[in-house]
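Visitor: Please choose one part of this structure and take me through it closely. Plain words will do.

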Number of protein chains: 2
Amino acid sequence: MRPTTKDLAKAAGVSLATVDRVLNDRTGVREDTVRRVSEAIEKIGFLRNISAANLARSKSYRFLFLLPRSGDQFLAEVLAKISEANSAFGSEAMRAEVAQIHESDPHQIANFLESLNPDTVDGVAIMAPESPQVRDAKLRLEQRGIETVSFISGQIRAGADLAAEDFIGIDNHAAGATAGRLMGRFLDRKPGKVLVIAETMHARDSLERRLGFDEVIGADYPYLTVLPSLETHGEAERTDRILSATFARNPDIAGVYILSSEARVPLQSVTQLTQAGHRLVIAHERTPFTEAALLSRQIDALITQDPGHLVRSALRILRARCDRREVLASQEKIRIEILFAENL
Amino acid sequence: MRPTTKDLAKAAGVSLATVDRVLNDRTGVREDTVRRVSEAIEKIGFLRNISAANLARSKSYRFLFLLPRSGDQFLAEVLAKISEANSAFGSEAMRAEVAQIHESDPHQIANFLESLNPDTVDGVAIMAPESPQVRDAKLRLEQRGIETVSFISGQIRAGADLAAEDFIGIDNHAAGATAGRLMGRFLDRKPGKVLVIAETMHARDSLERRLGFDEVIGADYPYLTVLPSLETHGEAERTDRILSATFARNPDIAGVYILSSEARVPLQSVTQLTQAGHRLVIAHERTPFTEAALLSRQIDALITQDPGHLVRSALRILRARCDRREVLASQEKIRIEILFAENL
DNA sequence: ACGGGGATGAGGTACGTACCTCAAAAATCC
DNA sequence: GGATTTTTGAGGTACGTACCTCATCCCCGT
């Protein structure tokens, strides 16, 4: 049997009340006594029963996902996983809600965060481009007792030694490098051009992917030329236009790297402009669309992160923070997955 | 506030005692009343508070991993993750233990399973080659109220429609196919031979990987010749011998696929016999050794499954079975991961 | 209308922890 | 040494569920 607070009290030679005072950081306990209890905790291997504690406290956790409004399929997957997590974690007294805000306006995001009430929300997972306003708002949230994490994008600095728990998502530089490696190895060893298509290059995520991509190509596949990034702005017409122009000017494009999460618009143009899949295409994120494209060989490889894992990880980390508990780092590491038709 | 049994009783117009009888499948309730309670459950969205239930029952879950004795590094990783899971799930009243048995003797395994006591063990994750004896022993265990799952290897039939919860691990056919795809795309499009090295081809896992590998190579890269599988039996000396002989006879080996989980022995031979990494090497499982080999370019790609995920998945599935709960299928799907130096 | 038996209700205790009150003991101060 | 403050103990209630007992009710067949 696991030792209980009663056992702990006996082992420490104090009463239950004092054990409670020590465990919950209440005042009015001599330092000496605290030490005796702490030693007893070590000695008998006492572990607080969190279920019982939450029951007694009748505590439940309310978390919020702050997501952009943009309607791409990857975001839809994330939303689906959030509602899935809600039913899965339902019996554990956690509830996740969603708020969607225009990502382009840092002020609006900051205002929204400012308006959150610690009585209504225990933690927020924020998916938003980094900006000083949002960073400040996050700090203030934490001061007011609301836990926060950066979700998928918007970390302060990738590759820095920021704790895994502060940012939930992949290292975009590494993701770009992985794309670069695949591109380099899949293409024949002869000169050619590589096209990079993004929704916008203003997002740090896109920049980092591009950087990682270029690094690998530059170092190991110097015979490949990576063209300047084309920006679709999510508009089908514009995409068609600039892609036809680019393909016309560069008949020797051997590979295409679509680095934004919405591959649909650019891929449709690329497919039209290219004969019978003889151009290597690498894209990001698994959605019903990209999955189908992978199976029909319109896409050769997909670099993804698991939205279900992202969501659950965010919830587990927020919850651990609320409980002032450690998380299992290896479980929360979001992997850069590579998908072919074979390992879908 | 989440509805409690009290609310449920009120909503169903019955007493707490009857609610309890219905919820816990006790006898002495009219069918009609059961229906009324069930309807009330739907109506008010009642969800049993599992923490409170386990607390009341003072139930804790004791699970067992039955693993082979063989000391390869992948197994060591699994063992490490089991002890990690023990500390992570410690506060949730689950404990995982390990028993290691010679995998070669189905009788011994069956005997061991037979000896398990439902009072001591709630569930077992079994990693063992399939055999009629073990299959029977599993059935008997389940009859005696001990839950079982196949772990990593030993599933009855891969690709069949067996529920995800019965087998925890990757589809080895797909893993082999993924290796085949990588091999085919990474090699230049010119004739060459591919060497396949296994510890033994008697295991179904190895056979399936080989099958998947051959299928892809045969279909899409007909100019490649896959040599018969070499078996190392885990012996360094023997491996050295047969590999030098094979390389001497086949100077045009362009790629090597090491399909067993212990890549160390064959890789050391391959490295010695090959000049400066101009031979493509694909291996399985991430271990300290293969990781280092990937970084030093002795291995070009690694196909892996996450041991931490395997362990946690096994525990979650066993636990859900004990609680007669559904699992979140998407969380328990073990992915076939592809690793390069870039996405380690 | 009666007995029998199954169905139901009322109420209790327990699980391990949180949080409260009040009294008693111990340490501190002057 | 006495008064004051701080620390500690004892005991209670609560959380949501499980599991137990006993009393009562209703329905059935006769």
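Guide: Helices and strands here are runs assigned by DSSP, with at least four residues for a helix and at least two for a strand, and they are numbered from the N terminus. The model is predicted. The part to look at is helix H4 of chain B, together with what lies around it.

Begin with DNA strand D. H4(B) gives the most to the surface near this strand, with four residues. In total, 25 residues surround DNA strand D, and the closest are A:Ser15, A:Thr18, A:Thr33, B:Thr5 and B:Arg48. Of the atoms of DNA strand D that come within 4 Å of the protein, sugar and phosphate account for 72%.

Some single contacts can be picked out. A polar backbone atom of B:Ala52 is 3.3 Å from a base nitrogen of DNA strand D. From chain A, an N or O atom in the side chain of A:Arg21 is 2.9 Å from a base oxygen of DNA strand D. A backbone N or O atom of A:Ser15 lies 2.7 Å from a phosphate oxygen of DNA strand D. Two or more residues each come to the surface near this strand from helix H2 (16-23) and H4 of chain A and from H4 of chain B. Sorted by class, the surface near DNA strand D has ten nonpolar, nine polar and six charged residues.

Now turn to DNA strand C. It has 26 residues around it, and A:Thr5, A:Ala56, B:Ser15, B:Thr18 and B:Thr33 come nearest. Of its atoms within 4 Å of the protein, 71% belong to sugar or phosphate, and the rest to bases.

Here too there are contacts to bases. A base nitrogen of DNA strand C is 3.3 Å from a polar backbone atom of A:Ala52. A base oxygen of DNA strand C lies 2.9 Å from a polar side-chain atom of B:Arg21, and a polar backbone atom of B:Leu55 is 3.4 Å from a base oxygen of DNA strand C. The elements giving two or more residues to this surface are helix H4 (50-57) of chain A, with helix H2 (16-23) and helix H4 (50-57) of chain B. The most comes from H4(A), with four residues. By class, there are ten nonpolar, nine polar and seven charged residues near DNA strand C.

Next, the two chains. A rotation of 180 degrees, with 0.1 Å of shift along its axis, superposes chain B on chain A with an RMSD of 0.2 Å. This is how a two-fold axis relates two copies.

The last topic is the contact between the chains. It takes 44 residues from chain B and 44 residues from chain A. The copies meet through the same surface, because 100% of the interface residues of chain B are also interface residues in chain A. Between chain B and chain A, 16 residue pairs are in polar contact, both at pLDDT 80 or more. H4 belongs in this picture as well: in chain B, the elements giving two or more residues to the side that touches chain A are H4, helix H5 (73-88), helix H8 (172-186), helix H13 (307-322), helix H14 (329-332) and strand E12 (337-339). H8(B) gives the most to that side, with seven residues.

Technical notes:
Residues are numbered from 1 along each chain as its sequence is written. Chains are lettered from A and ligands numbered from 1 in the order in which they are written. This is a predicted model: local features need pLDDT of at least 70, side-chain atom pairs count only at pLDDT 80 or more; totals for chains, interfaces and linings use all residues. Side-chain values use heavy atoms; hydrogens and water are left out. A residue is near a molecule or strand if one of its heavy atoms lies within 4 Å of it. A polar contact is a pair of N or O atoms within 3.5 Å; within protein, one must be able to donate a hydrogen and the other to accept it, and residues adjacent in sequence count only if both atoms are side-chain atoms. Ala, Val, Leu, Ile, Met, Phe, Trp, Tyr, Cys and Pro count as nonpolar, Asp, Glu, Lys and Arg as charged, and the others, Gly among them, as polar. Copies are superposed by least squares on the C-alpha atoms of residues with pLDDT of at least 70 in both. Contact means heavy atoms within 4.5 Å.
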